[in-house]
Amino acid sequence: MINGQKSFKVINCELGRVALLVNNKYVSVSTDGQVTLKSCKTLGNNETFQWIQLERGDLVLLSLQTNRYLQLDSKGTLNALKDNPSPNRKDGTRFEWNTIK
């Protein structure tokens, strides 16, 4: 969750990469792995993630800025600090997604 938001619009950036949009702002990762919402005209590595869909339909998002995985930590805060998703699916790196019409 970031700024109370649990749902994001996924923007296709080609090559399996996406940006996450909420309230006209993009999820942005700083070099230290902290996640904020940012208004921007062009998307850079800070706002771009590699979409990796897993066999059970869930997904992980790899930050192009930090080369770390997006993670919802135990306090409910998003960061991009996780080296590898854990196999037990309990480390906050796996996300569910669905299409909203």
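## Contacts, strands and cysteines in a predicted model

A polar atom in the side chain of threonine 66 lies 3.1 Å from the backbone oxygen of alanine 80. A polar contact is a pair of N or O atoms within 3.5 Å; within protein, one atom must be able to donate a hydrogen and the other to accept it, and residues adjacent in sequence count only if both atoms are side-chain atoms. This is a predicted model, in which local features need pLDDT of at least 70 and side-chain atom pairs count only at pLDDT 80 or more, while totals for chains, interfaces and linings use all residues. Residues are numbered from 1 along each chain as its sequence is written, and side-chain values use heavy atoms, with hydrogens and water left out.

Threonine 66 is found in the loop between strand 6 (59-63) and strand 7 (69-72). Strands (E, at least two residues) and helices (H or I, at least four) are DSSP runs, numbered from the N terminus. With a relative accessible area of 15%, threonine 66 is buried. Buried means under 20% relative accessible area, exposed means over 50%, and partly exposed lies in between (1.4 Å probe, protein chains only). When residues up to four places away in sequence are not counted, threonine 66 touches Val29, Ser30, Thr31, Gly33 and Ala80; contact means heavy atoms within 4.5 Å.

Serine 86, in the segment after strand 8, is likewise described as buried, at 18% relative accessible area. Leaving aside neighbours within four places in sequence, serine 86 is in contact with Asp91 and Arg94. Glutamine 71 is 15 residues from serine 86 in sequence, and the two C-alpha atoms are 11 Å apart in space.

The strand pairings come next. Two strands pair if DSSP finds at least two bridges between them. Strand 3 (residues 25-29) is mostly covered, with 4 of its 5 residues buried. The table lists three antiparallel pairings.

| Strands | Bridges | One bridge pair or opposite pair | Turn residue and phi |
|---|---|---|---|
| Strand 2 and strand 3 | 2 bridges | Valine 22 and lysine 25 | Asparagine 23, about 50° |
| Strand 3 and strand 4 | 4 bridges | Tyrosine 26 and lysine 38 | Glycine 33, about 90° |
| Strand 7 and strand 8 | 3 bridges | Leucine 72 and leucine 78 | Glycine 76, near 85° |

The hairpin of strand 2 and strand 3 has 2 residues between the strands. The hairpin of strand 3 and strand 4 has 5 residues between them. In a regular strand, the side chains alternate between the two faces of the sheet.

A search of the whole structure finds 1 aromatic pair. Tryptophan 51 and tryptophan 97 make up this edge-to-face pair, at 5.3 Å centre to centre with 75° between the planes. Rings of Phe, Tyr and Trp (its six-membered ring) pair if their centres lie within 6.5 Å; planes under 30 degrees apart count as stacked, over 60 as edge-to-face and the rest as tilted. The pair links distant parts of the chain, 46 residues apart: tryptophan 51 is in strand 5 (residues 49-53), and tryptophan 97 is in the segment after strand 8 (78-82). Tryptophan 97 is partly exposed, at 41% relative accessible area.

The structure holds 0 disulfides, a disulfide being a pair of cysteine sulfur atoms within 2.5 Å. Cysteine 40 forms no such bond because its closest cysteine sulfur, in cysteine 13, is 10.0 Å away, too far for a bond. Cysteine 13 is partly exposed at 25% relative accessibility, and cysteine 40 is partly exposed at 22%.
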